[in-house]
Amino acid sequence: MAHIKPFCAVRPHAKIASQFCTESIQFYSDERLNNELKNNPFSFVQILKSSLKKTGSKTLEDRYNNVKKAYHNFKTDGLLIKDSNPAFYVYEIDTVENYYCGIIAAASVEDYKNNVIKKHENTIESRENTFKNYLKITGFNAEPVLLTYKNNLEISKVIDVHKASEPIVQFSTENGEKHRLWAIENPQDLIQIQNIFKHIPSLYIADGHHRTASSVLLSEETNNLSHSTDAAHYFMAFLIPEKELKIQEYNRVVTDLNGYSEKEFLEALKPHFDITVKKDGTATKKKHSFSMYLKGQFYCVSLSSDYKLETSPLYQLDTYILQELILKPILGITDVRNDKRLDYSYEHDDMHWIKKNIDNTQYAIGFGLNPITIEQLKTIADAQLVMPPKSTYIFPKLRSGITIYEH
């Protein structure tokens with residue numbers, strides 16, 4: 001039983017929405033950030049800038065307080081406006097290649113703690129605490145957690161009804177994306193949506209594990225405060241059906257062969273894998289098979305049919321098979337999260353990128369994997385297991401600032 005609730009979002013004034021809403025800061029290079037700060041006075045980056053610049057003797061607390069001040073200046077100037085009535089928000093993203101539509105709502109911390117909202121990744125405690133402190137000091141979050149649920153016809157019908165009206169926000173971006181937002185404020189409609197979600201047994205975190213964990217920490221901390229608010233026990237989420245979630249592969253490149261020659265490495269693979277030469281890096285669709293590029297040659301590496309897989313659902317993941325049978329025992333990469341010899345890649349036409357960077361000797365070997373399926377993701381989460389780091393690269397990638405949630 002999933003518990004969601006409407007909230008009063010803070011939103012950019014319609015006249016600046018296209019300039020205000022940004023991609024997640026992690027996708028900005030230093031050059032792009034500086035250009036945004038210089039040329040776009042209405043960008044959400046203007047609010048974040050003091051937290052991004054590690055200058056002088058300012059502590060993180062000082063920088064977060066400056067973010068809070070800049071945020072309130074945007075509100076005072078009428079650039080950000082808080083809705084008067086609690087609402088669910090239908091949000092549509094139409095890209096050149098894909099279409100996504102779902103509901104922005106406040107999701108329950110208790111649902112996460114009770115495993116109604118399920119995870120498939122581990123989180124890093126230091127990152128959890130850093131973002132928890134950010135939320136506590138600034139008092140807002142501008143980027144929702146991406147949650148997915150089993151396709152539901154009732155929810156789709158509700159969304160379609162409200163999309164028939166005029167959106168409250170719509171804009172296009174330079175890369176051709178179209179963004180539209182509708183507010184659902186009618187109390188009966190809100191209750192209807194909540195009741196539908198109460199019959200959904202599980203929600204799955206697709207993206208935003210650290211943001212969720214940080215919200216849990218903040219909720220637990222505010223339990224002990226006399227001024228604790230209900231908002232602190234929820235976090236902003238964008239809920240979309242499984243059919244609209246796109247999971248892309250996350251490939252691996254390694255800087256060296258751990259002392260093996262190319263011939264020795266190929267021999268080391270043979271006890272567990274069948275190896276065939278390929279002409280190019282096109283995807284290998286066979287189960288438990290992946291592409292490999294080594295010393296100017298593409299290969300298909302397939303788990304031998306006589307290899308007895310362990311019963312854990314993790315062994316259905318190619319990322320886990322690669323990790324447990326190649327990266328750790330042969331290439332000596334025991335800490336797949338932190339070993340500097342291992343990098344991850346999600347570039348478009350990825351095997352071409354891998355080939356180019358191995359040919360120029362930046363890396364020694366690369367592995368191209370098939371995407372993990374939504375069913376595999378759910379099976380791992382249902383079993384309360386976690387995938388290897390960077391097993392999925394998931395779309396949609398949400399913009400910051402479409403709606404802002406105040407704690």
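**View 1: the loop that holds Lys 340.** In which loop does Lys 340 lie? Lys 340 sits between helix H11 (318–327) and strand E18 (342–345). (Helices, H or I with at least four residues, and strands, E with at least two, are DSSP runs numbered from the N terminus.) What you're looking at is a predicted model, where local features need pLDDT of at least 70, side-chain atom pairs count only at pLDDT 80 or more, and totals for chains, interfaces and linings use all residues. Residues are numbered from 1 along each chain as its sequence is written, and side-chain values use heavy atoms, with hydrogens and water left out. Is Lys 340 buried or exposed? With a relative accessible area of 76%, Lys 340 is exposed. (Buried means under 20% relative accessible area, exposed over 50%, and partly exposed in between, with a 1.4 Å probe and protein chains only.) Now look for Thr 311, which is 29 residues away along the chain. The C-alpha atoms of Thr 311 and Lys 340 are 31 Å apart.

**View 2: helix H11, next to that loop.** How many of the ten residues of H11 are buried? The count is nine, so H11 is largely enclosed by the rest of the structure. Here's the roll call of its buried residues: Asp 318, Thr 319, Tyr 320, Ile 321, Leu 322, Gln 323, Leu 325, Ile 326 and Leu 327.

**View 3: the rings of Tyr 71 and Phe 140.** Rings of Phe, Tyr and Trp (its six-membered ring) pair if their centres lie within 6.5 Å; planes under 30 degrees apart count as stacked, over 60 as edge-to-face and the rest as tilted. Go by that rule and you get 21 aromatic pairs. Why does the pair of Tyr 71 and Phe 140 count as stacked? The two ring centres are 4.1 Å apart and the planes meet at 20°, so the pair is stacked. This pair links distant parts of the chain, since Tyr 71 belongs to helix H4 (residues 60–76) and Phe 140 to strand E7 (residues 140–141), 69 residues apart. Both Tyr 71 and Phe 140 are buried.

**View 4: the rings of Phe 131 and Tyr 134.** Here's another stacked aromatic pair, with Phe 131 and Tyr 134 at 5.4 Å centre to centre and 15° between the planes. Where do these two sit? Phe 131 and Tyr 134 are three residues apart in helix H6 (residues 125–138), so about one helical turn separates them. Tyr 134 is buried, at a relative accessible area of 9%. Zoom out a little and you'll find one aromatic cluster, formed by Phe 20, Phe 44, Tyr 64, Tyr 71, Phe 74, Phe 131, Tyr 134 and Phe 140. So the rings of View 3, Tyr 71 and Phe 140, belong to this cluster along with Phe 131 and Tyr 134.

**View 5: two lysines over ring faces.** A charge sits over a ring if NZ of Lys or CZ of Arg is within 6 Å of the ring centre and within 35 degrees of the ring normal. Which ring does Lys 397 lie over? Lys 397 is over the face of Tyr 393, at 4.2 Å from the ring centre. Lys 246 is over the face of Phe 395, at 5.5 Å from the ring centre.

**View 6: a cis bond at Pro 396.** Phe 395 turns up again here, joined to Pro 396 by a cis peptide bond with omega about 15°. Pro 396 is in the loop between strand E20 (393–395) and strand E21 (405–406).

**View 7: Gln 248 and the backbone of Tyr 346.** Find Gln 248 in strand E13 (residues 246–248). What does the side chain of Gln 248 reach? It's the backbone oxygen of Tyr 346, at 2.9 Å. Gln 248 has a relative accessibility of 15%, so it counts as buried.

**View 8: positive phi at His 288 and Gln 384.** For His 288, phi is near 55°, a positive value in a residue other than glycine. His 288 lies in the loop between strand E15 (273–278) and strand E16 (289–294). With 9% relative accessibility, His 288 counts as buried. Phi of Gln 384 is also near 55°, and this residue isn't glycine either. Look for Gln 384 in the loop between helix H13 (374–382) and E20. Gln 384 is exposed, at a relative accessible area of 62%.

Definitions and conventions:
Polar contact = N/O pair within 3.5 Å; in protein donor to acceptor, adjacent residues only side chain to side chain.
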